[in-house]
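Q: Please take a close look at a single part of this model and describe it together with its surroundings.

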Amino acid sequence: MIDITYGILNYNPSNHPLARQALHECATSLRENMHAGFASEVYIIDQASEGHAQQAVVQDYCNGFGWRSIMLDRNVGISRGINMLARVSRAEYICLVTSDV
């Protein structure tokens, strides 16, 4: 049983290197601070970010740590992103993280 679902909501429409770095730092921080006592799953929800480097960051975490990705073809906004996470979550609790805050 999964205790908590973490979701990283990401959007980088102009393929800005600082936004890519923010996603990387956000995902690294989440990975390092997840409570080992909870069974968890992690989704990175990308809202049509531009560039292969951005997609590479997402795939590195998904392939390296067994995280999952939801790659959207457009920006659906924070509320809809949260709703998507709630639909795929297998846990009782959800924790949303945005990479740009």
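A: Tryptophan 67 sits in the loop between H2 and S3, where helices (H or I, at least four residues) and strands (E, at least two) are DSSP runs numbered from the N terminus. The model is a predicted one, in which local features need pLDDT of at least 70 and side-chain atom pairs count only at pLDDT 80 or more, while totals for chains, interfaces and linings use all residues. Residues are numbered from 1 along each chain as its sequence is written, and side-chain values use heavy atoms, with hydrogens and water left out.

Tryptophan 67 has a relative accessible area of 6% and is therefore buried (under 20% relative accessible area; exposed is over 50% and partly exposed in between, with a 1.4 Å probe and protein chains only). Tryptophan 67 lies 26 residues from glutamate 41 in sequence, yet the two C-alpha atoms are 6.7 Å apart in space.

Glutamate 41 is itself buried, at 6% relative accessibility, and takes part in salt bridges with two arginines. A salt bridge here is a side-chain nitrogen of Lys or Arg within 4 Å of a carboxyl oxygen of Asp or Glu. Side chains of opposite charge can pair when their charged atoms come close. By this rule the count is 2 salt bridges. In one of them, arginine 68 meets glutamate 41, with the closest N and O atoms 3.2 Å apart. Because arginine 68 belongs to strand S3 and glutamate 41 to strand S2, this pair ties together parts that are 27 residues apart in sequence. Arginine 68 is partly exposed, at a relative accessible area of 36%. Arginine 90 also forms a salt bridge with glutamate 41, at 2.9 Å from N to O. That pair links distant parts of the chain, since arginine 90 is in the loop between H3 and strand S4 (91–98) and glutamate 41 is in strand S2, 49 residues apart. Glu41, Arg68 and Arg90 are thus linked in a network of salt bridges.

The strands that carry glutamate 41 and arginine 68 are also paired with each other. S2 and strand S3 (residues 68–72) run parallel and are joined by 5 bridges; two strands pair if DSSP finds at least two bridges between them. The chain passes from S2 through H2 to S3 in a right-handed β-α-β crossover, meaning that, with the strands pointing away from the viewer, the path from the first strand over the helix to the second runs clockwise. Within this pairing, aspartate 46 stands opposite methionine 71 in S3. Alanine 48 follows in the loop between strand S2 (40–47) and helix H2 (52–65), and has a positive phi of about 60° although it is not a glycine. Most residues other than glycine have a negative phi, and most peptide bonds are trans.

The cysteines complete the picture. A disulfide is a pair of cysteine sulfur atoms within 2.5 Å, and by this rule the count is 0 disulfides. Cysteine 62 is in no disulfide, as the nearest cysteine sulfur, that of cysteine 26, is 13 Å away. Cysteine 62 is buried, at 9% relative accessibility. The sulfur of cysteine 26 is 9.6 Å from the closest cysteine sulfur, in cysteine 95, which is too far for a bond. Cysteine 26 also counts as buried, at 13% relative accessibility.
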